[in-house]
Amino acid sequence: MDFESFPKIETTGKPESSNKCGLCTHSTCCTYVTQQIDTPRSKYDFEILLWQVSHRGVGAYKDEDGWFVMFDTVCGHLEADGYCGIYEDRPTICRSHDNDFCEYDAPAEDGFELYFPDYPTLLAYCKKRFKKWSTGNPAPG
Ligand code: SF4
Ligand code: SF4
């Protein structure tokens, strides 16, 4: 992700919700998508997750709402100046996104109970969680 391509705007003090997005330097909320998944429990569940986070830009996390896979990918409508190119027609998810406390204030990771940005971090977790972890855990039959 090339955040440097977005213009840098100096931000000082605490902005109001009404002008916050206009001051936001990186529009981070437009640079990823997430998909909730069933809570992984078995070794095979984690094998699937390991496969997913092996791909560039794919991570996983758990927060108070459950488990999610996260795809680090910039929205095709995000313009170089940091504004939405389809603002009037933007999806409902974008319209309902609350900027009261968002990535402008703190990284989303701060609210994660578990965070696996890549394969090594998830593999380390699997080895800790399952005493007899080994690659090639059989698929449920
Ligand atoms: S919701 Fe937050 S992260 Fe998204 S553009 Fe507005 S201030 Fe930036
Ligand atoms: S449609 Fe607009 S508001 Fe929604 S993620 Fe894309 S750039 Fe952001």
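This is a guided tour of a predicted model, arranged as a series of selections to make in the viewer.

**The whole chain**

Begin with the protein chain in a cartoon representation. Its secondary structure amounts to 4 helices and 4 strands, and along the sequence these elements follow the pattern α-β-α-β-β-α-β-α. The chain has 141 residues, of which 8% count as buried. Among contacts in the chain with a separation of 6 or more, 66% are between residues 24 or more positions apart.

**The sheet**

Next, select the strands. The 4 strands form an open sheet in the order 1-3-2-4, with antiparallel pairing. Strand 1 and strand 4 are the edge strands, each pairing on one side only. On average, neighbouring strands of the sheet are turned by 20° against each other, direction ignored.

Now restrict the view to residues 58-63, which are strand 2, and residues 66-72, which are strand 3. These two strands run antiparallel and are joined by 6 bridges. The hairpin that links strand 2 to strand 3 does so through 2 residues. At D63, look across to strand 3, where G66 stands opposite.

Then select A60. Which residue of strand 3 stands opposite A60? The residue is V69. A60 also stands opposite F116 in strand 4. Strand 2 and strand 4 pair in the antiparallel sense over 3 bridges.

**Helix 2 and the nonpolar core**

Add helix 2 to the selection. Helix 2 packs on the sheet and touches strand 2, strand 3 and strand 4. The direction of helix 2 makes about 130° with that of strand 2.

Show side chains for F46, L49, V53, A60, M70, F116 and L122, the 7 residues of the largest nonpolar core. Helix 2, residues 43-53, supplies the largest share of this core, 3 residues. Centre on L49: leaving aside its neighbours within four places in sequence, L49 is in contact with P40, A60 and L122. A60 thus links two stops of the tour, as it belongs to the core and stands opposite F116 in strand 4.

**Ligand 1 and its surroundings**

Move to ligand 1. The residues to select around this ligand are K20, C21, C24, S27, T28, C29, H97, N99, C102, E103 and Y104. This shell divides into 5 nonpolar, 4 polar and 2 charged residues.

Within the shell, pause at S27, which is found in the loop between helix 1 (17-23) and strand 1 (32-37). Although S27 is not a glycine, its phi is positive, at about 45°. Is S27 buried or exposed? S27 is buried, because 20 other C-beta atoms lie within 10 Å.

For a contrast, select D105, in the loop between helix 3 (92-95) and strand 4 (114-116). D105 has 12 other C-beta atoms within 10 Å and is therefore exposed. Draw a distance from the C-alpha of D105 to that of C24: the two residues are 81 residues apart in sequence and 9.9 Å apart in space. C24 is one of the residues around ligand 1.

**Ligand 2**

Finish at ligand 2. Around this ligand, select C30, C75, H77, L78, C84, I86, R90, P91 and C94. The shell of ligand 2 divides into 7 nonpolar, 1 polar and 1 charged residue.

Notes. Residues are numbered from 1 along each chain as its sequence is written. Chains are lettered from A and ligands numbered from 1 in the order in which they are written. This is a predicted model: local features need pLDDT of at least 70, side-chain atom pairs count only at pLDDT 80 or more; totals for chains, interfaces and linings use all residues. A residue is near a molecule or strand if its C-beta atom, placed from the backbone, lies within 6 Å of it. Ala, Val, Leu, Ile, Met, Phe, Trp, Tyr, Cys and Pro count as nonpolar, Asp, Glu, Lys and Arg as charged, and the others, Gly among them, as polar. A nonpolar core is a set of buried Ala, Val, Leu, Ile, Met, Phe, Trp, Tyr and Cys residues joined through C-beta atoms within 7 Å. Two residues are in contact if their C-beta atoms, placed from the backbone, lie within 7 Å. Two strands pair if DSSP finds at least two bridges between them. Axes are lines fitted to C-alpha atoms, for helices over the stretch in contact, and angles run from 0 to 180 degrees between N-to-C directions.
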